[in-house]
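Notebook open, coffee poured. I want to go through this model by looking things up one at a time and writing down what I find.

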There are 2 protein chains.
Amino acid sequence: MKKLTLKDIASHFGVSISTVSKALKDSPEISEALKLKVQAFAEERNYRPNRIALNLLNKRTKAIGVIVPNILNYFFTQVFYGIEKTANSRGYSIISCISDESYKKEIQTVELLGSGIVDGLILSLSEETQAKDSMGHLKNLIKNRIPMVLFDRVTNKIDCDKVVVDDFEAGYKTTKYLLGTGCKKIAIVSAIFNSSVGKLRVKGYKKALEEAAQEFNDQCIVKVGKQDDLEVLISLLIADKEIDGIIALDEMTAVDTLNILKMKGVEVPNQISIVGFTNGRLSKYVTPALTMVSQHGQYIGELAANILIDRIEYEGRMPFTTKLVKTTLIERESTKKLKTGYDAPTA
Amino acid sequence: MKKLTLKDIASHFGVSISTVSKALKDSPEISEALKLKVQAFAEERNYRPNRIALNLLNKRTKAIGVIVPNILNYFFTQVFYGIEKTANSRGYSIISCISDESYKKEIQTVELLGSGIVDGLILSLSEETQAKDSMGHLKNLIKNRIPMVLFDRVTNKIDCDKVVVDDFEAGYKTTKYLLGTGCKKIAIVSAIFNSSVGKLRVKGYKKALEEAAQEFNDQCIVKVGKQDDLEVLISLLIADKEIDGIIALDEMTAVDTLNILKMKGVEVPNQISIVGFTNGRLSKYVTPALTMVSQHGQYIGELAANILIDRIEYEGRMPFTTKLVKTTLIERESTKKLKTGYDAPTA
DNA sequence: TTGAAAGCGCTAACAG
DNA sequence: CTGTTAGCGCTTTCAA
């Protein structure tokens, strides 16, 4: 039984296709008798209007495209979940693609989604795209008037709505917090040094040091490449016995760092404190449980989806907005207690 | 600048639509001069053929729909990743939906995806759907000849391709393994007792007990509902001092059980051993690291995608297959060493 | 109360 | 070499 069309139903009853269309819509133009027959038949044969045809007709698809660099990263999984949830509740479906942190794949994907199959697009730049800093593919999208929301990893080369984590403030706040617990020399371990996000956090860190009249030391920024052995890098880092605080810019790195320190007999948090970014599923369960910075991934997804759909549905030219989502520090056992005289971070 | 169509280009050059179409395809029918002009213009104005129109014309979308019950579950994230990867490499994009373990949402989603926007469908049943055991929505899909692959949580009410974990064997193997390490009384803690998957694992467990001439005891199957307090249930369970092995049917439950036991001063694995299902990101990092059953999520995703696309592209009626994917036991520190005389499980 | 025709954007067969 | 036509499945005037 091939997929049923209006044509099939029409010829089955010997009426015209527009009559069937109206009958199925319960139009008052059509006689009750015919309507009943047609509807019953459609029901029985499980007729569904072809959405592609409707999309072509209406010039909208009620779908939004989502491109994330890496779905195995829990932050992106959370954002994705948030997007799916709110899009769905507003009647939109999601076409999802993974750029795999690759510039080339991001371009392909953007081209694909830009060719009419979605009404709008939510994306976070791949690492490679940010490193290359070339945004031609997104410019094309803008040219073609396809609404777009950038989140987390954004660029100022593109003028569109954005939802970003306040990473500068997060870096600042986290550093101040560690200082407040008595840390004297704080290092950063980053596996995302190329991304806008990583850079902002380091900036915030520097500002906090400055305010504390501490000198910034380049040795304290550990850049972890894909090929690098974290253990070696950490060994090198803690050869400097003054290091007593580490900020890890993603959850995996935080957990790995913790384990390496434990293996080396370093006491956490007594000798070295650790704070990690992205409050995922791991950090709560390791021992000691890690103090983490939560970026509220699901909320970011919801926000991005709402902004996008608003823009899709409200044709008027509202100015582009950039929403700054504050992070929250979740204190657990990998950091010491705050000394008095420091303002606790607020949610 | 609105989205450019062939019509726009045609009227710009005062030629016909089909001429432009051919020119853009570099057809030998068209003069070099015109081709060059048209192509240059299209390039400059960033012309992209409307995919929706092509979809309507070709009656295929080169997209496949994926419905997972819960993307925050790492197993499904992995499967999803596998699907996306191989679909993409074969030129397909993914439309993804989350059923959120809800029967109603699953129906909606299936209806949506069944209305022509995808060439085929990959899905895993929601918990509620399995509990209700009503598959009308899938039957409709089959009626409409939409290719479908069911994975992990499947039903025998529907005749289609399937990819399932060999959960019976996994339950059997895991139980035998625990027995082999010297456990005498093994319990199961399940938060998925309604699902086909959970039931099969319990079946395998029973068979292993039988072979070891052990009596099955209903008290040893702990069913954890959404509202239940795991701590209470575990307390009740280990009130039976003979319990010395626990199989947890998902990763969260495994980790939680471990923590509860630790809190209660129970030594793992000396007093009680734990094996968990789904080798995700947590189990490796808790202390002691958990011995887990890996279901090879990414591989399952790849397999499902390949089967589906084969079926989409190869119209011939090949018989439906059910692929059984074996699990692998990953031994870590939450179980004791195997005694000799037991055949170690193989990958 | 029903039907014919146009059109969404595109391709392909067929004419000129 | 270029244009006309028909059609993918549907909705929506407008005409009968």
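Which element gives the most to the surface near DNA strand D? I looked it up, and H2(A) does, with four residues. Reminder to self before I go on: this is a predicted model.

**Entry 1, DNA strand D**

I pulled the residues around DNA strand D and got 26, of which Leu6(A), Tyr47(A), Ser18(B), Thr19(B) and Lys22(B) come nearest. Of the strand D atoms that come within 4 Å of the protein, sugar and phosphate account for 61%.

Next I checked which elements supply this surface. From chain A, helix H1 (6-13), H2 and H4 each give at least two residues, and from chain B, H2 and H4 each do as well. By residue class, I noted twelve nonpolar, eight polar and six charged for the surface near strand D.

Then I went after the phosphate oxygens of strand D. One is 2.7 Å from a polar side-chain atom of Thr19(B). In chain A, I found a side-chain N or O atom of Lys25(A) at 2.8 Å from a phosphate oxygen, and one of Lys7(A) at 3.3 Å.

**Entry 2, DNA strand C**

I ran the same lookup for DNA strand C. Here 26 residues lie around the strand, and Thr19(A), Lys22(A), Lys59(A), Leu6(B) and Tyr47(B) come nearest. Of the strand C atoms within 4 Å of the protein, 65% belong to sugar or phosphate, and bases make up the rest.

Which element provides the largest share of the surface near strand C? That turned out to be H2(B), with four residues. The elements that each supply at least two residues are helix H2 (17-24) and helix H4 (51-58) of chain A, plus helix H1 (6-13), helix H2 (17-24) and helix H4 (51-58) of chain B. The class split I wrote down for strand C is twelve nonpolar, eight polar and six charged.

On the phosphate side, I logged three distances for strand C. A side-chain N or O atom of Thr19(A) is 2.6 Å from a phosphate oxygen. A polar backbone atom of Leu6(B) also has a phosphate oxygen at 2.6 Å. For Ser16(A), a polar backbone atom again, I got 2.9 Å.

**Entry 3, Asn306(A)**

I moved on to a single residue, Asn306(A), which is found in helix H13 (residues 297-313) of chain A. Buried or exposed? Neither, quite: Asn306(A) counts as partly exposed because its relative accessibility is 28%, and that label covers the range from 20% to 50%.

I then asked what Asn306(A) touches, setting aside neighbours within four places in sequence, and got Thr86(A) and Arg90(A). With Arg90(A), there is a side-chain to side-chain polar contact at 3.0 Å. Thr86(A) is 220 residues away along the chain, yet its C-alpha atom is 7.1 Å from that of Asn306(A).

**Entry 4, aromatic pairs**

I counted nine aromatic pairs over all chains. The one I opened up is Phe80(A) with Phe80(B), a tilted pair with 5.9 Å centre to centre and 45 degrees between the planes. This pair crosses between chains, each Phe80 sitting in helix H5 (residues 74-89) of its own chain. Both Phe80(A) and Phe80(B) are buried.

I also looked at Tyr205(B) and Phe216(B): their ring centres are 6.3 Å apart with the planes at 85 degrees, so I filed the pair as edge-to-face. Tyr205(B) is in helix H10 (residues 196-211) and Phe216(B) in the loop between H10 and strand S7 (221-223) of chain B, so the pair ties together parts eleven residues apart in sequence. Tyr205(B) is buried at 1% relative accessibility, whereas Phe216(B) is partly exposed at 32%.

Back in chain A, I noted one aromatic cluster formed by Phe75(A), Phe76(A) and Phe151(A).

**Entry 5, cysteines**

How many disulfides are there over all chains? I got zero. For Cys160(A), the nearest cysteine sulfur belongs to Cys97(A) and is 18 Å away. Cys160(A) is buried, at 3% relative accessibility.

I did the same for Cys220(B), where the nearest cysteine sulfur is that of Cys183(B), 12 Å away. Cys220(B) is buried too, with a relative accessible area of 5%. A disulfide needs the two sulfur atoms within 2.5 Å, and I closed the notebook there.

How values were computed:
Residues numbered from 1 in each chain as written. Chains lettered and ligands numbered in written order. Predicted model: local features only at pLDDT ≥ 70, side-chain atom pairs only at ≥ 80, totals over all residues. Heavy atoms only, no water. Buried < 20%, exposed > 50% of the residue type's maximum accessible area, 1.4 Å probe, protein only. Contact = heavy atoms within 4.5 Å. Polar contact = N/O pair within 3.5 Å; in protein donor to acceptor, adjacent residues only side chain to side chain. Near = heavy atom within 4 Å. Nonpolar A, V, L, I, M, F, W, Y, C, P; charged D, E, K, R; others polar. Phe/Tyr/Trp six-rings, centres within 6.5 Å; stacked < 30°, edge-to-face > 60°.
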